[in-house]
Amino acid sequence: MEVTDINSDIVRNSLAEFDPDLICIYGTKKIRSEILELAPNALNIHDGFVPYYRGVSSGAWVSFESNYSYLYYCIHEAISRLDAGIVYRLDPVVPYFFESSTDHNYRRSTTAADAMVEVTRGLLNGTIQGYPQPSVGARNLRHRDKPQLFGEIASANFVSNNARTYKRSRPRTGRIEKLLVDRQKHPNRGVLSNGWYVVNYHAIVDDNDFDHTGVPRIVTERKRFAEHIDVYRREFTLVSVSEGISLLKRGSAEKRRYLSLTFDDTLQSPFSAMDLLGSSGIVPTFFINSDPVLNERQLKNHHTLLKRLYEAARPVASYDEWVLSQYMNLDDLRQACDDGSAEIGSHTATHARVNHTRFEELQVEIQENHRSLESALGREIDYFAFPYGGLNDRSFLAEFEAITTARYYFTAEGGINQHYVPGALLRIGIHNEDVGGLLQLLSDQYVR
Ligand SMILES: [Zn+2]
């Protein structure tokens with residue numbers, strides 16, 4: 001039936017007569033609770049990552065804010081508070097390179113409709129689990145919050161040069177699309193945008209003919225790292241992560257180029273390379289896994305790297321003894337925090353890939369790890385970073401855990417922070433690029 005008011009009595013009475021098992025909602029305003037309560041379950045399709053994007057035109061808000069990694073659809077329980085119910089599905093719909101905003105909307109809608117059918121089946125046979133939204137970070141977007149030309153800016157942002165730069169950096173499976181994209185000109189090659197850059201390293205190794213083959217891309221040679229530092233000192237104002245965040249919140253990050261240095265995975269080698277920072281005044285941030293520092297266990301993702309380093313160094317100690325010396329220890333970390341020479345974030349317990357929804361495991365990896373590092377270091381830790389860093393390397397539930405665990409959290413999927421918008425702060429993974437390659441990498445980033 002067709003009605004002008006979804007909340008009218010005729011709707012309520014007809015539905016009551018129909019006696020539904022489930023109410024499915026897509027694309028309407030708030031529905032009053034007397035109607036929602038006519039079925040044991042009510043589901044809504046929403047076009048945004050909750051709790052950051054709740055309310056009207058959420059998909060357009062994402063585009064308006066150039067927050068392209070948050071192009072999500074959501075299937076959640078419909079309750080009388082708009083978009084606030086339990087979440088059943090929350091998945092990104094990564095835009096194709098040549099896709100218009102209209103086409104993307106359409107694809108997102110059909111993907112969400114399929115997911116709604118799956119959730120419906122899951123609810124009826126009891127195989128689906130819902131998760132409450134985090135109570136922090138929520139935003140309710142209303143028509144009256146929209147600035148002038150909101151719709152125009154949102155559609156233009158979706159296909160702008162900036163969006164193209166974003167889309168170019170996403171993994172592509174289609175071979176033809178890949179071929180066509182590779183032939184496109186880079187819009188801002190060689191030009192460094194303003195904003196706050198957060199660069200990310202893992203291991204810094206000595207330059208003695210270290211064999212990189214088969215080692216994951218987490219290695220930077222010491223001489224390259226020294227060259228990188230020179231580039232950073234020349235091209236950027238160097239700030240700590242906490243300074244970067246306050247620049248961003250004050251709206252000052254768009255006026256110049258700022259850069260912060262971060263290291264993931266708890267390895268000792270970056271700590272030893274700090275002498276290369278010299279008088280630069282850089283305060284780096286270390287993202288720490290609790291397994292190596294609290295439980296004397298090496299991280300699985302370092303297996304090949306550490307084996308190779310052990311062979312090259314040929315130490316007297318056995319591998320098992322030696323391997324623990326390759327990680328930072330608690331005393332060094334405490335010292336660095338106390339004298340202000342470093343800032344600390346957490347990076348899960350075991351460096352697990354957190355792209356699933358096994359809740360207990362996520363809680364141990366993200367939340368419990370963070371709290372145990374806090375008590376070991378005797379201080380609050382404000383930051384968390386996802387391992388592996390790509391959009392597909394985290395599930396919405398892992399992100400919910402991150403939101404409730406740390407005041408700020410990071411990915412390493414690229415991008416420059418220019419405005420303070422909800423979501424993971426952006427970092428750029430740096431490897432063993434020469435100076436030309438580094439400048440190219442830094443100029444090929446989208447801004448948000
Ligand atoms: Zn890592």
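Which residue is the bridge partner of Ile-288 in β13? In this predicted model, the bridge partner of Ile-288 in β13 is Ser-346, and this pairing belongs to a set of 4 bridges that join strand β12 to strand β13 (residues 343-346), the two strands running parallel. The points below take up the surroundings of β12, then a pair of packed helices, and lastly some backbone features in loops.

**Strand β12 and its partners**

- Strand β12, which spans residues 285-288, is covered on both faces, with Thr-285 and Phe-287 buried on one side and Phe-286 and Ile-288 buried on the other.
- In a regular strand the side chains alternate between the two faces of the sheet.
- Strand β11 (residues 257-264) also pairs with β12, in the parallel sense and over 3 bridges, and within this pairing Phe-263 stands opposite Phe-286.
- Two of the buried residues of β12 can thus be placed by their partners: Phe-286 is buried and stands opposite Phe-263, while Ile-288 is buried and has Ser-346 as its bridge partner in β13.

**Packing of helices α15 and α16**

- Helix α15 (residues 359-377) packs with helix α16 (residues 396-405) at an angle of about 25°, and their axes are 10 Å apart.
- Because angles under 35 degrees count as roughly parallel, α15 and α16 are described as roughly parallel to each other, and their crossing is right-handed.
- On the α15 side the contact is made by Phe-359, Leu-362, Gln-363, Ile-366, Gln-367 and His-370, which meet Leu-397, Ala-398, Glu-401, Ala-402 and Thr-405 in α16.
- Sorted by class, the residues in this contact of α15 with α16 are 6 nonpolar, 4 polar and 1 charged.

**Backbone features in loops**

- Most residues other than glycine have a negative phi, and most peptide bonds are trans.
- The peptide bond from Val-50 to Pro-51 is cis, with omega near 5°, and Pro-51 lies in the loop between β2 (41-46) and β3 (54-55).
- Asp-19, although not a glycine, has a positive phi of about 55°; its place is in the loop between α1 (9-18) and β1 (22-26), and Asp-19 counts as exposed because it has 8 C-beta neighbours inside 10 Å.
- Arg-314 is likewise not a glycine and has a positive phi, of about 40°; Arg-314 is found in the loop between α12 (303-313) and α13 (319-324), and with 6 C-beta neighbours inside 10 Å Arg-314 therefore counts as exposed.

Terms used
Residues are numbered from 1 along each chain as its sequence is written. This is a predicted model: local features need pLDDT of at least 70, side-chain atom pairs count only at pLDDT 80 or more; totals for chains, interfaces and linings use all residues. Axes are lines fitted to C-alpha atoms, for helices over the stretch in contact, and angles run from 0 to 180 degrees between N-to-C directions. Angles under 35 degrees count as roughly parallel, over 145 as roughly antiparallel, 65 to 115 as roughly perpendicular and the rest as oblique. A crossing is left-handed if the near helix is turned anticlockwise from the far one by less than a right angle, and right-handed if clockwise. Two residues are in contact if their C-beta atoms, placed from the backbone, lie within 7 Å. Ala, Val, Leu, Ile, Met, Phe, Trp, Tyr, Cys and Pro count as nonpolar, Asp, Glu, Lys and Arg as charged, and the others, Gly among them, as polar. A residue is buried if 20 or more other C-beta atoms lie within 10 Å of its own, exposed if 12 or fewer, and partly exposed in between; C-beta atoms are placed from the backbone. Two strands pair if DSSP finds at least two bridges between them.
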